[in-house]
Amino acid sequence: MGQVLVIFAHPAFQRSRANRALLRAASTTEGVTVHDLYETYPDFLIDVRDEQQLLEKHDAVVLQHPFFWYSSPALIKEWLDLVLEYRWAYGEGGDALRGKILAQAITAGGPVNAYRREGPNHFTVRELLAPYEQTARLCGMGYAEAYAVHGVNHLDEAALAEAARGYQSWLEALRDGSAPQWLAPPSS
Ligand SMILES: Cc1cc2nc3c(=O)[nH]c(=O)nc-3n(C[C@H](O)[C@H](O)[C@H](O)COP(=O)(O)O)c2cc1C
């Protein structure tokens, strides 16, 4: 069994319904550690060494967040910019993350059929997440198929509970190495 680190980011968690349901499921899943970025760093002053040490202890890293402007809340970007350092995450000697898996769990206001060429959002979720997939590739990581919950603002409690159960199964598969991957980690 591997260890999964959920890096969670929501700038207004007190108003969250969807991520709240997902986070509850994550925090009760064996082998999963939840790390809340906005709670830990409300001033955006990220402790890079602490974050790197946390990453080193886990086999898979999930970025869990609401989809904001086809991307993530700002603190995830800041975290990536600071934590994935040259010569640690990539570049000469930068192999700290090599062989691990990166994945994303997103909640989106848009319905699933909005995310296609003929739909209002024109691109698929995977296409929109390309910078994260390529970040994983550069760091020698695999990139698992994302867990996406769509149309979240119209989901009732039963639908949210169902989405949370699905998230738990997805996390367990990630932990056990059986989650479908969009990008496999390099063999060496
Ligand atoms: C600043 C902002 C940007 C958003 N951008 C998108 C978007 O690009 N695509 C989308 O489907 N939903 C978008 N939404 C809707 C959020 O994804 C949705 O409200 C959120 O996932 C709900 O999760 P929560 O209940 O945990 O807050 C956006 C919402 C906000 C506030």
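This passage describes the fold annotation, the ligand surroundings, the salt bridges and several individual residues of a predicted model. Because the model is predicted, local features were required to have pLDDT of at least 70 and side-chain atom pairs were counted only at pLDDT 80 or more, whereas totals for chains, interfaces and linings use all residues. Residues are numbered from 1 along each chain as its sequence is written, and side-chain values rest on heavy atoms, with hydrogens and water left out.

According to the UniProt record, an unreviewed entry, the annotation "domain: Flavodoxin-like fold" covers residues 4-170; UniProt positions are given in the numbering used here, feature names are shortened, and such annotations may be inferred rather than shown by experiment. Over residues 4-170 the chain is 36% helix and 18% strand, and the C-alpha atoms at the two ends are 11 Å apart. Helices (H or I, at least four residues) and strands (E, at least two) are DSSP runs numbered from the N terminus.

The ligand is surrounded by 17 residues, of which His10, Ser16, Tyr70, Thr107 and Tyr115 come nearest; a residue is counted as near if one of its heavy atoms lies within 4 Å of the molecule or strand in question. By class, this shell comprises 9 nonpolar, 7 polar and 1 charged residues, where Ala, Val, Leu, Ile, Met, Phe, Trp, Tyr, Cys and Pro count as nonpolar, Asp, Glu, Lys and Arg as charged, and the others, Gly among them, as polar. Polar contacts (pairs of N or O atoms within 3.5 Å; within protein, one atom must be able to donate a hydrogen and the other to accept it, and residues adjacent in sequence count only if both atoms are side-chain atoms) involve several side chains around the ligand. An N or O atom in the side chain of threonine 107 is 2.6 Å from an oxygen atom of the ligand, and for the side chain of tyrosine 115 the distance from a ligand oxygen to an N or O atom is also 2.6 Å. In the side chain of asparagine 153, an N or O atom is 3.4 Å from an oxygen atom of the ligand. The protein covers 72% of the 640 Å² of accessible area that the ligand has on its own, with accessible areas taken from the Shrake-Rupley method with a 1.4 Å probe and, for residues, only the protein chains shown counting as cover.

Histidine 10, one of the residues that come nearest to the ligand, is found in the loop between strand E1 (4-8) and helix H1 (18-27). At 13% relative accessibility, histidine 10 counts as buried, a term that means under 20% relative accessible area, with exposed meaning over 50% and partly exposed in between (1.4 Å probe, protein chains only). A polar atom of the histidine 10 side chain lies 3.1 Å from the backbone nitrogen of alanine 12. Helix H1 also contains leucine 22, which is buried with a relative accessibility of 1%; its C-alpha atom is separated by 9.9 Å from that of histidine 65, although the two residues are 43 residues apart along the chain.

A search of the whole structure finds 9 salt bridges, each defined as a side-chain nitrogen of Lys or Arg within 4 Å of a carboxyl oxygen of Asp or Glu. Among them, Arg126, Glu133 and Arg137 are linked in a network. Glutamate 133, buried at 9% relative accessibility, forms a salt bridge with arginine 126, with the closest N and O atoms 2.9 Å apart, and arginine 126 is partly exposed at 33%. Glutamate 133 forms a further salt bridge with arginine 137, for which the closest N and O atoms are 3.8 Å apart. These two residues are separated by about one helical turn, because they lie 4 residues apart in helix H6 (residues 130-138); arginine 137 is partly exposed, with a relative accessible area of 44%. The side chains of arginine 175 and aspartate 176 also meet in a salt bridge, at 2.9 Å from N to O, in which arginine 175 is buried at 12% and aspartate 176 is partly exposed at 46%.

Positive phi angles were also found at residues that are not glycine. Arginine 87, with a phi of about 70°, is found in the loop between helix H4 (74-83) and strand E4 (101-107) and is partly exposed at 47% relative accessibility. Histidine 122 has a positive phi of about 60°; this residue is found in the loop between E4 and helix H5 (125-128) and is partly exposed, with a relative accessible area of 35%.
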